[in-house]
Amino acid sequence: MKRKSYTVAVTGFGPYREYTYNNASLIRSGLPSIIITSSNNPQNPPIHILKYPHDINCIYSELLSLTPQLWNGQRSVYEPGSKSTKHVELDVMIHIGMHPDDSEEWFLEKRARRGKYEFAGDDGRCLGKGEAVKGGKEVLSVGFDVEGLAAKVRGKLESDKDPDIKITTSNDAGLYFCELISYLSLSILSERHEFGRVIFLHVPKTRTDESVQKGIKVTKALIEACVESLPGSYGTMV
């Protein structure tokens, strides 16, 4: 049966360490609430975007508590004050964070590790090896073909006359909060025996309006690419 719509959740980290801003939260906030896909078939279902409305803090205890809430199906997590009791099925979760190096590339992370998180959070505390998920696998991989996702995103940007944005993939998200939230989300889906429909997007730290607008374009293209790549979606059917 044809789907009437898809729902994608998006989160963004806030300022951390020496950075008084985070492009991730600016990009998340700038996203529309719905995307009518740019694919050739106008009958493809719309994609609803649920934006987690708060900047995520770089504090391990908060992240360990928050991530299960992001997946609990309650609309009020994303829309505070919502009275709706209808369970929300999330088709995809996209986490966004800002990488600290000088690269202008946009990275799609392929995997997340359980390993020791030795870098202190903003409260000065670290996370020891295995504390993220006791007994969890050492490495969890994203369910999507991430190289394929990157190619789809590049194709969408080229058709939108933005061929110069560099989209690439990575196997090392940095063993910090960006990698941890990916691991926690993937772990939740793994425990449910569900497809690993999570992707982490690392964005450049350049603080300009142009960079944020590029980030919104990249994220919209990524949302479409993820939905098209879901098992059984309109983008994977022959």
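Here are a few questions and answers about the cysteines and the sheet in this predicted model.

Q: How many disulfides does the model have?
A: The count is zero.

Q: Why is Cys58 not bonded to Cys178?
A: A disulfide needs the two sulfurs within 2.5 Å. The closest cysteine sulfur to that of Cys58 sits in Cys178, 7.0 Å away, so the gap is too far for a bond. Looking from the other end, Cys178 is in no disulfide either, with the sulfur of Cys58 as its nearest cysteine sulfur.

Q: Why is Cys58 called buried or exposed?
A: Buried means under 20% relative accessible area. Cys58 comes in at 3%, so it counts as buried.

Q: And what makes Cys178 buried or exposed?
A: The cut-off is again under 20%. Cys178 has 11% relative accessibility, so it goes down as buried too.

Q: What makes β2 and β8 edge strands?
A: The sheet is open, with seven strands in the order β2-β3-β1-β4-β9-β5-β8 and mixed pairing. β2 (34-35) and β8 (167-170) each pair on one side only.

Q: How do you know that β5 and β9 pair?
A: Pairing takes at least two bridges between the strands. β5 (residues 106-109) and β9 (residues 198-203) are joined by three bridges, and they run antiparallel. One of the partnerships to look at is Leu108 with Leu201 in β9.

Q: Which helices pack on the sheet, and which strands do they touch?
A: Among them is α3 (residues 146-159), touching β5, β8 and β9, with its direction at about 165° to that of β8. Helix α4 (residues 177-191) touches β1 (6-12), β4 (92-98) and β9, and its direction makes about 170° with that of β9.

Conventions. Residues numbered from 1 in each chain as written. Predicted model: local features only at pLDDT ≥ 70, side-chain atom pairs only at ≥ 80, totals over all residues. Heavy atoms only, no water. Buried < 20%, exposed > 50% of the residue type's maximum accessible area, 1.4 Å probe, protein only. Helix = DSSP H or I, 4+ residues; strand = E, 2+ residues; numbered from the N terminus. Contact = heavy atoms within 4.5 Å. Axes fitted to C-alpha atoms, helices over the stretch in contact; angles between N-to-C directions.
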